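Me: Hello! I have just opened this model and would like a friendly tour. Could you take my questions one at a time?

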Amino acid sequence: MTLPESKDFSYLFSDEAKSRKPSPLKTCIHLFNDPNIIFLGGGLPLSNYFPWKEISAISPKPPFPNGIGAPIKNADEEAIEYIIPKAKAEIREEGDIPLERCLQYGFSQGQPELLKFLRKHTEVIHKMDKYSDWDVLATIGNTGGWESCLRVFCNRGDNILAEAHSFSSSLSAALSQGVNVFPIPMDEFGIIPSKLEFILDNWNEKAPKPKLLYTIPTGQNPTGSSLSDERKFEIYQLAKKHDFIIVEDEPYYFLQMGKYESPETRSSVEKKPTHEEFVNGLAKSFVSLDDEGRVLRLDSFSKVLAPGTRLGWIVGSKKLLTTFLYLHEMTIQAPAGFTQTLVSKTLNSWGQDGYLDWLIGLRHEYTVKRDTAIDALRQHLPVDIRDKTTNEPLVVVNPPVAGMFFVINIDASQHPKFNTEFNKDPKKVEKAFYEKVIQKGVLVVPGGWFETTGETVPPQPKESKVVLKPNEIFFRGTYAAVPLDKMKEGIKRLGVALREEFGL
Ligand SMILES: Cc1ncc(COP(=O)(O)O)c(C=O)c1O
């Protein structure tokens, strides 16, 4: 079956993107590697002056039978040692990127060997069977990828949409570019499609219509929520109806642990899924639903390999990615060569199957961490306390099905000072509890830090700005950053802080 081409969304581009031309110097750089051309055309240093003969690394070997966190021994049957030479002539394995190439200028889209792996991986995970001209573009991670999205689509004064609580760095990036971020109400399952629909159907047309939706569909930061396939489908239909681009920022996509089971019902032996079971069990991505090329997916190695790789990639239509490429030629040029060659070598040695083994192993680690965190929260937090008049619980913990974060929802109105000293202001409870947790020697961060507070000029109808539970505050914690014993102790301290603060 021949697939249709993506649509042209260039009319949504920013003025900056519309006026950008490809760098003329980049149009001839491919001739640098042409043996028939004596290249006197660009300021490329001779690779003889790169002070590295080779680089070597050792990584564990699939299928990682001792778990992905097991110490890596020297190269033996459990580890692979690779040596990446400088010269192409010394390359021993097909797919290796010689240092003389990866440390040179050029290849702004990414090194071909890495891109080839990522294209295949994207096909394995997202199928990409709805339009023909999709591709991938290497980035320096999702922070940089998002910054590029803003520059490609937004002018100062434009409006975009995001979850009512969202990753604060992403919100700051938009605000500092003069872009207004309008909040979309969410519950423990993420964006509520009917609320999004209401906002868009009733949009005050005197304000520019939103050009894009920024969403973190899996293990959302900070709420830990995950969008269901059904909600994603509804949101995608709204994107078509109201003509906006969806940017899905997905660093936590592979940490899909599934539903939390209490220790009584949890099975002690977890059966390792087959690759097929693993892939089929993953949530559908927005990019996999997209038959027009209006979704850009930001993927990152930060949470699955290491944040310091500073490497990620965008999946989207070639039409959109070309504009990103022109931007990157003037900004990052390309992700660092060391990173690209090393990550590419690791992935190509593991192969697509080996990488799936890694991701399965990683998910297992996070499942144990998530389960331990929720067990401890249920043990140490006063989850059974309810308000005598309203019967509302003081604390609610919804176990996340994906990602690195858990959230403690607190009914601020149950604070003993709420009606008096705190003037019924939940923010004052938030501040007081934040100070208390630090005093007790643990850190969780206030949900207020992540609030999406934007309003358009002129404003949207007041019904578009609903706050579902006005007296609810929340704190974000993570089970990612510390070993299990420390995490349990931290959660115990959290319980003490809550009891003291709420006079229990
Ligand atoms: C939603 C979200 N996007 C992006 C990032 C940063 O990703 P990267 O390290 O790829 O820039 C994070 C976390 O640090 C995040 O939570």
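**Helices, loops and a ligand**

Reply: Gladly, and please keep in mind that this is a predicted model. Let us start with a pair of helices: α12 (residues 426-439) and α13 pack with their axes 9 Å apart, at an angle of about 135°.

Me: Are α12 and α13 parallel, perpendicular or oblique to each other?
Reply: Their packing angle is about 135°. Angles over 145 degrees would count as roughly antiparallel, and 65 to 115 as roughly perpendicular. The pair falls in neither range, and α12 and α13 are therefore oblique.

Me: Which residues make that contact, and how many of them are charged?
Reply: On the α12 side they are A432, F433, K436 and V437, and on the α13 side L494, A497, E500 and E501. By class, the contact of α12 with α13 has five nonpolar residues and no polar ones, and its charged residues number three.

Me: How is α11 oriented relative to α13?
Reply: Helix α11 (residues 337-380) packs against α13 (residues 484-501) at an angle of about 25°, and their axes are 9 Å apart. Angles under 35 degrees count as roughly parallel. That makes the orientation of α11 to α13 roughly parallel.

Me: Where do α11 and α13 touch, and what is the hand of their crossing?
Reply: From α11 come K369, T372, A373, A376, L377 and H380, while α13 brings L484, M487, K488, I491, K492, L494 and G495. By class, the contact of α11 with α13 has seven nonpolar, three polar and three charged residues. As for the hand, the crossing of α11 and α13 is right-handed.

Me: And is the crossing of α3 and α11 left-handed or right-handed?
Reply: Helix α3 (residues 112-126) and α11 have axes 9 Å apart and an angle of about 35° between them. The α3 residues E113, L114, F117, K120, H121 and V124 meet Q340, V343, S344, L347, N348, Q352 and Y355 of α11. By class, the contact of α3 with α11 has six nonpolar, five polar and two charged residues. The crossing of α3 and α11 is left-handed.

Me: Which residues surround the ligand, and how many of them are polar?
Reply: Around the ligand are G141, N142, T143, F167, I216, N221, D249, P251, S300, S302, P307 and G312. This shell divides into four nonpolar residues, one charged residue and, for the polar class, seven.

Me: Which peptide bond joins N221 to its partner in cis, and where is that partner?
Reply: Most peptide bonds are trans. The bond between N221 and P222 is cis, with omega about 20°. N221 is also one of the residues around the ligand. P222 lies in the loop between β8 (212-215) and α7 (229-242).

Me: What is the omega of the bond from P62 to P63?
Reply: P63 sits in the loop between β1 (54-60) and β2 (79-85). The peptide bond from P62 to P63 is cis, and its omega is near 5°.

Me: What is the phi of F107?
Reply: F107 is found in the loop between α2 (99-102) and α3. Most residues other than glycine have a negative phi. F107 is a residue other than glycine with a positive phi, near 50°.

Me: Finally, what is the radius of gyration of the chain?
Reply: The chain's secondary structure comes to 13 helices and 15 strands. The globule rule gives 23 Å for 504 residues, and the value for the chain is close to that, so it is as compact as a globular protein of that length. The radius of gyration of the chain is 25 Å.

Methods:
Residues are numbered from 1 along each chain as its sequence is written. This is a predicted model: local features need pLDDT of at least 70, side-chain atom pairs count only at pLDDT 80 or more; totals for chains, interfaces and linings use all residues. A residue is near a molecule or strand if its C-beta atom, placed from the backbone, lies within 6 Å of it. Ala, Val, Leu, Ile, Met, Phe, Trp, Tyr, Cys and Pro count as nonpolar, Asp, Glu, Lys and Arg as charged, and the others, Gly among them, as polar. Axes are lines fitted to C-alpha atoms, for helices over the stretch in contact, and angles run from 0 to 180 degrees between N-to-C directions. Helices (H or I, at least four residues) and strands (E, at least two) are DSSP runs, numbered from the N terminus. A crossing is left-handed if the near helix is turned anticlockwise from the far one by less than a right angle, and right-handed if clockwise. Two residues are in contact if their C-beta atoms, placed from the backbone, lie within 7 Å. The radius of gyration is taken over C-alpha atoms; the globule rule is 2.2 Å times the number of residues to the power 0.38.
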